[in-house]
Amino acid sequence: RVPDKVRDIVGKTQLSKNLSTTDLSEANRKKHIVIAELKQIIHLAEKKIDGTFASLSKEDQIRELALEFRPSPEDNSEDLDFILTDIIENKVLEIYGEKESDAIFNSHHPEWKGKDPNPKAVKATQDAFRIIDPNYVPLQIVAKTFLSEKIKDLKTSTFKRKKSNINNFIAWFGNAEIKDITKKNAGDYVSFLRKSKNPAPATIRNIVFDIGSLFTWAHGRGYINNNPFQKLDLPKNKNSHQSRRPWKDEHLMLFLQSEYIDRNVFFATVVSMYSGMRLDEICDLQNKNIEDNCFRVEKGKTKAAVRDIPVHPLIQPIIDKLKASAKDEYLISAINSGGYDNKRSWNFQKKLGRLRKKIGIPIEINFHTLRNTFATRMENRGIPANHISQLMGHKDNNMALDTYSAGLKIEPLVESINKLTYGKEIDSFIKSNEA
C-alpha cells in the first residue's frame, strides 16, 4: 500500500511485482529484494516531499538506503545477508555507474590495476555494509530510534533543538559504535564547541544535556554501560548572579528615545511595560485577542499563562491605532517568523538584542526583564501579590488559591493595572508618542 501523502508522486495506490515463479522457496528468496525495491520507491517519494532527498549527497543516499532496510537482530531469514548485500551493491551501481562501482568494490585487491575510486564513496559503502549488520550499533541507528520515540513526548521546538544537537555531534565524531564513545570524547566535543563557536555557558549546558539524554536513554536500553556526558566539567556563567535586572528610568528613556527604535519595537516595549506580557505573547496577539479593553492570552507553558489582562488607559490609544492600522490579523505586523518552531518572536528577539547593544543598554537588562520591571512597579504601588501573579500568568504559590480558585474577576485587576505608573517623565513621553 502506498501512503496517501505520496500517491501523487508514485502514481499508484498499491505497488506490486510478479516474482515469476511457482516455487515457494524461490519466491521467499526473491521477495526480500522485491520488497526492498518497492519500499525504496515509497521512501524516495517521502524524501522528495519533505525536501531532504534533494539535499542528500550520493554517499548519504547509500547510508540512508542501508538504514531503511537494516534488519532487526531477531530477523534470521534465510539468505538475508546476501539479499541485503545485493541491495547495497545495486544502489552503488545505480549512483556511480558500472566503472566507478567496479573500482569501489574491487580496488582493494592486490591485482587491481584500474583507477582508484572516490574515497568518500568507498567510506559510504563500507558504512552501509556495517549498518545492515544488526550486531553493529552505530550512533546514527541509536539516535534514529531515540528520536522516533521522543518526537511523541516533546514540544516541536525542543525536539528540533535536541535532534540538531545530536546530529551535530554525530557529524563531528563520525558514525561510530555508540559503545566506543568515551568521556574524553565528550569533553573534547565541549572544547571544540568553545573554540569554534564560543557559545554562552548556558548554551553549552543545553547542548550537553540534549546529547546526554540520548546516552541516558541508550544506557537504559542496554546499548552502553555508562553515559559519557554525565558529570562533565562545564564552563560556569561568571555573571549568573547578574543575569537579570529590572530597567531603571534612565534605561527606559535611553531606549525609547533612541533614533534606532522603529514603530514595532516601540509599541512592543510599551505594551510589555504596562501589561507584564512576555515577548512571544505580544507577538502572537491578534486583533481578535483584544476584547472589552482586555488582552486575551490564549496559550502558554502553564495553565496560569492563559489569562485576561486589562489594557492600561495610558496605552489604550496605542492599541486602538495598532488595531486600525494592522496589515494582517496580528497587532504587531510585518514580523518574520523563525527558529525551531517558527515563532513570530524569534527574529524580533534577536533584533531587540542587537538594538540594546547598539544603544548601550547593559547586557543583564533585556526585553524579558521588563516583566521584572512591571512586577517591581506594581509591588511598589501596593498591588496585592495574587493580582500581580494573575496579571503576569504565574501561579500564586498559595495551594488553596492555585487548586480551588478560578481566578480573580476582571474588575479588581482593572483597578490594580490602572494604578501602574512609570512617573511623569516616562508616562508623558509615551503619551506624546502615541501617534
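**Figure 1. Strand 2 and strand 3 in the predicted model.** Strand 2 (residues 294-297) is paired with strand 3 through 4 bridges, in the antiparallel sense. The structure shown here and in the other views is a predicted model. Arg296 lies opposite Asp308, a residue of strand 3. The two strands belong to an open sheet of 3 strands, with the order 1-2-3 and antiparallel pairing. The edges are formed by strand 1 (290-291) and strand 3 (307-310); each has a single partner strand, so one side of each has no neighbour in the sheet. Helix 19 (residues 410-417) packs on the sheet and touches strand 2 and strand 3. The direction of helix 19 makes about 45° with that of strand 3.

**Figure 2. Helix 9 and its buried side.** Helix 9 spans residues 183-196, which makes 14 residues. From its first C-alpha to its last, helix 9 reaches 20 Å, close to the 20 Å expected at 1.5 Å a residue. Its buried residues are Asn185, Ala186, Tyr189, Val190 and Leu193. These residues lie on the same side of helix 9, because they cover an arc of only 145° around the axis. They pack against helix 8 (156-173) and helix 10 (201-220). The exposed residues Lys184 and Lys195 are on the face of helix 9 turned away from the buried side. Asn198, which follows helix 9, has a positive phi, near 50°.

**Figure 3. Trp172 and its contacts.** Trp172 is located in helix 8. Its relative accessibility is 30%, so Trp172 counts as partly exposed. Leaving out residues up to four places away in sequence, Trp172 touches Asn185, Asp188, Tyr189 and Phe192. Two of these partners, Asn185 and Tyr189, are among the buried residues of helix 9. Trp172 and Phe192 are 20 residues apart in sequence, and their C-alpha atoms are 9.3 Å apart in space.

**Figure 4. The largest nonpolar core.** In soluble globular proteins, nonpolar side chains tend to be buried together. The largest nonpolar core of this model has 53 residues. The members that touch the most other members are Phe255, Met273, Tyr274, Phe295 and Ile430. Helix 12 (residues 263-275) contributes 8 residues to this core, the most of any element. A second, separate core has 28 residues, including Ala143, Ile170, Val208 and Leu214. Within the largest core, the view is centred on Ile430. Apart from neighbours within four places in sequence, Ile430 is in contact with Leu256, Phe266, Val270, Met273, Tyr274, Leu314 and Ile318.

**Figure 5. Ser272 in its surroundings.** Ser272 is in helix 12. The relative accessible area of Ser272 is 0%, so this residue is buried. When neighbours within four places in sequence are left aside, the contacts of Ser272 are Met277, Ile282, Phe367, Leu370 and Phe374.

**Figure 6. Thr421 between two helices in sequence.** The loop between helix 19 and helix 20 (424-432) holds Thr421. At 25% relative accessibility, Thr421 is classed as partly exposed. Beyond residues up to four places away in sequence, Thr421 touches Arg377, Arg381 and Asp427. In sequence, Thr421 is 47 residues from Phe374; in space the two are 9.7 Å apart, C-alpha to C-alpha. Phe374 is also one of the contacts of Ser272.

**Figure 7. Two loop residues with positive phi.** Most residues other than glycine have a negative phi. Lys231 has a phi near 55°, which is positive although the residue is not glycine. Lys231 lies in the loop between helix 10 and helix 11 (249-256). With 83% relative accessibility, Lys231 counts as exposed. Ala334 also has a positive phi, near 60°, and is likewise a residue other than glycine. The loop that contains Ala334 runs between helix 14 (316-325) and helix 15 (345-359). Ala334 is exposed, its relative accessible area being 68%.

How values were computed:
Residues numbered from 1 in each chain as written. Predicted model: local features only at pLDDT ≥ 70, side-chain atom pairs only at ≥ 80, totals over all residues. Heavy atoms only, no water. Helix = DSSP H or I, 4+ residues; strand = E, 2+ residues; numbered from the N terminus. Expected span 1.5 Å × (residues − 1). Buried < 20%, exposed > 50% of the residue type's maximum accessible area, 1.4 Å probe, protein only. Arc of directions from axis to C-beta. Contact = heavy atoms within 4.5 Å. Core = buried A, V, L, I, M, F, W, Y, C linked by side-chain atoms within 4.5 Å. Pairing = 2+ DSSP bridges. Axes fitted to C-alpha atoms, helices over the stretch in contact; angles between N-to-C directions.
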